[in-house]
Amino acid sequence: MNNAAQIKELLEELVRSTGSPVYAVCGQIVSYLEHHPQQRNLTIGGLRAALNRSDQEDNVLIQSAFTLVGHPFQALEVRYKLYDEQIEYVLEELDHSTYMQAISEQNFIDDDGNDIAIDDLNARIFPYFINLSRQDEEVQVQASTRAC
Amino acid sequence: MSELLNALIPAGNSMKDLLSISSELGDMLNRRTPASYDVFVKQIDKDLNNIISVTESGRQHHLEKGEDAITEHIIVQLKRDYSSVHHDAQHGGHCDIYIETRGSDGSLYKWIMEAKLWQGFEYVYGGLDKQLLGSYAVGGVNNCKGGMIFYSKLASGASYAMKEWHQGLGVKGITINNIREDGLRFATAHKLNGGTGSDFYVNHYCVDLYHAPTEAKIEKAQAKADSKD
């Protein structure tokens, strides 16, 4: 499901039936992405600022952002920057599948073969979210440009 | 110096930060983007047990409800955590509870459950044998697990019904596995297509909805209505 209208419709139904604040904030994020297609990458702090929310409400915002990564919405993709131990340089990037496998197996080996404990990994990886609706638009624009 | 430090600190929060701000995030990731089918099913089991516990705490509100209304109550609770949960979903027939999600690698995972009001062994067994296993269940590594839940309004308690259920399945030749120490949860393994097909695994749940004061109130109201007739 990558059409903003369909996603919003489902979210509205979920808010109606469950009253969950997580789905309500998901709706706000989707509206923001729809009106700011130029916005490609977002952190939780960036989303907080964009939606003009307090950091006291980050619990709901975090759950909402990750909810939009999952099925059936898939409005966002999450990726992770892995920093060195001093949190100075980005060593590599992880996709979400790699992160979830590491959590499931309680073990992560980086590109250089270093075994990183999960607590250490969590302290050194910084997630950011990619606006997938923008990607869809880019694909459509490229397709229509080629057609011309 | 502070400008230099700011330049060095990456934008955003680490996962450690996010996990400490949102204690539910770990479970949430296992629901929304599980690393494997087993992770997905284990998370459903955990969530369902919590929902059953909450439902039993408010059993006075459910004693008068029918099978579908109780199932609907459970589905609303599940929907808070699983966006793709459906009642009466078309899945080889109309199964009572259907949940699907995509794993973190994009694989589609499915889980189904049949719900019955406890009206004796044969009635619930029809739900397991004819509906869940005979109609809705399919095999395959990402579809081969489901649940059977029944609602007990017995004054003798859900443990009595669960014992009947357990013993009756034994008589049918079904092996019981992973019995919880209180006897209220267990698992069974089946072969589909009348015993020659794919493997399918079922977790069994019961919900105890009997509430003596509410039943007394219902009986009193009924007696009053009868005396007016």
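Start by selecting α1 and helix α2 (residues 21–35) of chain A: their axes come within 9 Å and cross at roughly 160 degrees. With angles over 145 degrees counting as roughly antiparallel, α1(A) is therefore roughly antiparallel to α2(A). Look along the pair and you will find a left-handed crossing of α1(A) and α2(A). Now show the side chains. From α1(A), the contact uses Ala4(A), Ile7(A), Lys8(A), Leu11(A), Glu12(A), Leu14(A), Val15(A) and Thr18(A); from α2(A) come Tyr23(A), Ala24(A), Cys26(A), Gly27(A), Val30(A) and Glu34(A). Colour them by type and this contact of α1(A) with α2(A) splits into 9 nonpolar, 2 polar and 3 charged residues. Keep in mind as you go that this is a predicted model.

Next, step back to the whole of chain A. Colour residues 4–77 and 127–147 as domain 1, and 80–124 as domain 2, following the domain assignment. Taken over C-alpha atoms, the centres of these two domains of chain A are 25 Å apart.

Now pick out the strands of chain A. Four of them, in the order β1-β6-β2-β3, make an open sheet with antiparallel pairing. Go to the edges, where β1 (41–42) and β3 (90–95) of chain A each have a single partner strand, so one side of each has no neighbour in the sheet. Zoom in on β2(A) and β3(A), which pair in the antiparallel sense over 5 bridges. Here you can select Arg79(A) and see that it stands opposite Asp95(A) in β3(A). Add α5(A) to the view: this helix lies across β2 and β3 of chain A and runs at about 90 degrees to β3(A).

Bring chain B into view and turn to where the chains meet. The contact draws 34 residues from chain A and 31 from chain B. On the chain A side, the elements that each supply at least two residues include α1 (4–18), α3 (44–50), β2 (76–83) and β6 (125–131). Which element gives the largest share of that side? Select α4(A), which contributes 7 residues. By type, the side of chain A that touches chain B divides into 15 nonpolar, 15 polar and 4 charged residues.

For the last stop, stay in chain B and select helix α6 (residues 121–136) and helix α7 (residues 158–171), which pack at an angle of about 65 degrees with their axes 10 Å apart. Here α6(B) passes α7(B) in a right-handed crossing. Show Phe121(B), Val124(B) and Tyr125(B) of α6(B), which meet Glu164(B), Trp165(B) and Gly168(B) of α7(B). The residues of this contact are 4 nonpolar, 1 polar and 1 charged.

Conventions. Residues numbered from 1 in each chain as written. Chains lettered and ligands numbered in written order. Predicted model: local features only at pLDDT ≥ 70, side-chain atom pairs only at ≥ 80, totals over all residues. Axes fitted to C-alpha atoms, helices over the stretch in contact; angles between N-to-C directions. Helix = DSSP H or I, 4+ residues; strand = E, 2+ residues; numbered from the N terminus. Left-handed = near helix turned anticlockwise from the far one by under 90°. Contact = placed C-beta atoms within 7 Å. Nonpolar A, V, L, I, M, F, W, Y, C, P; charged D, E, K, R; others polar. Domains from an automatic or database assignment. Pairing = 2+ DSSP bridges. Parallel < 35°, antiparallel > 145°, perpendicular 65-115°, else oblique.
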